[in-house]
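Please open the model in your viewer, with a cartoon display and side chains ready to be switched on. The tour below proceeds by selections, each followed by a short account of what is found there.

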Amino acid sequence: MQKDIRAGFPFFPANPGIVYLDSAATSLKPQGVIDALTKYNARESVNIHRGVYRLSQRATDTVETVRKKAAEFVSDAAESTAVFTKGTTDSFNLLAHTLTSAKSDIKDFFPAYTSAKPAAILLSDSEHHANIVPWQIFAAERGYKIFFIPVDGDGNFAPPENFLEDISASHTVRIISLSLQSNVTGIIHDLAPYRTFAAETGAVFIIDAAQAVIHAPETIKALNPDFVCYSAHKLFGATGVGVLVGRKPVLDNCDVYQGGGGMIALVEREKSTYLEAPAKFEAGTQAVGEIYAFGAALDFAGENQSAIHSTDNDLRHYADERLQAAGIRVFGLSAKSRSPIYSFEIPGVHAHDTGTLLDEQDICVRAGHHCCQLLMRSLGVPATARASFLFYNTRDDVDRLIDGIGYVKKIFRK
Ligand code: PMP
């Protein structure tokens with residue numbers, strides 16, 4: 001079964017013997033996705049939205065179909081739509097600008113915006129920098145304070161008692177933006193209490209789904225967030241494209257982000273008027289070929305959802321056991337819900353040395369802070385090595401990792 005799965009990924013025959021354990025950074029691309037990208041570039045390479053000729057209309061239809069699929073993959077909400085962006089990071093920059101802009105008129109959707117108390121944004125110490133830095137850029141100058149949910153030494157949310165009540169005594173949280181799944185520990189956080197709080201207080205509830213989109217799409221839907229951000233390239237797709245999914249009426253009331261062609265209704269010397277969402281957020285030519293590939297990636301991920309889920313479970317149980325027995329420190333094992341993304345530390349060995357020595361064994365892992373410096377502080381380490389598995393990985397890959405760790409320990413006499 002695993003052999004059949006691998007047969008669909010040209011990476012494996014092109015890199016014989018390589019154990020790829022870095023899917024949390026980017027997933028491998030199946031043949032159908034590569035074919036869709038080639039189809040556009042080779043045979044349908046025309047621009048969208050501007051042409052009156054049939055080829056352009058056909059390309060436009062393809063892109064609009066992908067838009068619908070990308071929204072439906074993470075949302076059951078009526079009126080959901082997807083804005084194409086460069087990826088999760090770009091989606092957060094758009095959101096951080098527009099949700100703190102005085103030009104957005106979203107009080108009717110989010111009553112927290114009517115409060116006279118100082119405004120706040122709630123993040124966690126477990127967030128990727130993509131879900132921290134854009135908020136910081138706008139927060140101070142637009143009068144928002146940022147609060148962080150603290151995290152324990154294993155990566156679990158660890159808010160003190162009455163955390164939300166205490167914040168609410170002095171501030172109104174207008175925006176809650178949290179990652180459903182950590183790219184460092186693989187923990188799938190329980191966001192339900194924060195979702196409930198947002199619903200009760202009228203705050204905007206946003207999910208960073210960069211990791212969860214492939215491991216837990218149904219959980220994203222069940223939480224019914226106001227906005228979801230994810231990238232195509234971690235979901236079998238190409239780099240350079242992602243989405244911001246939200247409800248069209250809300251997006252229609254949000255301030256524009258970038259200006260240019262494709263987003264305007266009328267341009268005059270003094271001012272311009274804009275199209276409705278999602279077009280008003282899509283200035284300039286889109287990554288059309290990559291959007292074609294995104295469509296194929298969504299189909300592939302949809303068709304393989306149960307296989308992804310069952311491989312996640314199998315590999316997690318097997319790798320949990322083997323890694324725990326390997327005499328290393330593994331983060332996140334105490335969490336109730338996880339998928340097989342492992343950050344670990346070989347005591348006395350720097351993560352970069354671990355990564356380099358594993359590479360000598362043809363094992364690809366990531367080493368560093370994984371764009372999560374606040375989380376590294378909570379875990380009490382400057383960096384970790386990270387092995388992330390996806391459904392084309394096998395128990396043999398776990399065994400190879402364990403052997404590789406043994407080799408690193410031997411070299412360092414640990
Ligand atoms: N959030 C999380 C949880 C991630 O894992 C990543 C990618 N490592 C991002 C955001 C940013 O995604 P991208 O680099 O595709 O914009």
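Against which elements do the buried residues of α8 pack? Bear in mind throughout that this is a predicted model, and begin by selecting helix α8, residues 192–201, in which Tyr194, Arg195, Phe197 and Ala198 are buried. These four cover an arc of only 160 degrees around the axis, which is why they lie on the same side of α8. If you now add the surrounding elements to the selection, you will find that the buried residues of α8 pack against the strands β3 (119–124), β4 (144–149), β5 (172–179) and β6 (204–208), and also against the helices α7 (163–170) and α10 (217–223).

Turn next to the other side of α8, where Ala199 and Glu200 are exposed. Then step just past the end of the helix to glycine 202, whose phi is positive, at about 80 degrees.

For the second stop, select the open sheet of 4 strands, which are ordered β11-β12-β15-β14 and pair in antiparallel fashion. At its edges are β11 (329–331) and β14 (366–368), each of which pairs on one side only, and from one strand to the next the twist averages 30 degrees.

Within this sheet, select β12 (residues 341–345) together with β15 (residues 384–388): these antiparallel strands are joined by 4 bridges, and isoleucine 341 has serine 388 of β15 as its bridge partner. Finally, add helix α13 (residues 305–324), which packs on the sheet and touches β11 and β12, its direction making about 10 degrees with that of β12.

Technical notes
Residues numbered from 1 in each chain as written. Predicted model: local features only at pLDDT ≥ 70, side-chain atom pairs only at ≥ 80, totals over all residues. Heavy atoms only, no water. Buried < 20%, exposed > 50% of the residue type's maximum accessible area, 1.4 Å probe, protein only. Helix = DSSP H or I, 4+ residues; strand = E, 2+ residues; numbered from the N terminus. Arc of directions from axis to C-beta. Contact = heavy atoms within 4.5 Å. Pairing = 2+ DSSP bridges. Axes fitted to C-alpha atoms, helices over the stretch in contact; angles between N-to-C directions.
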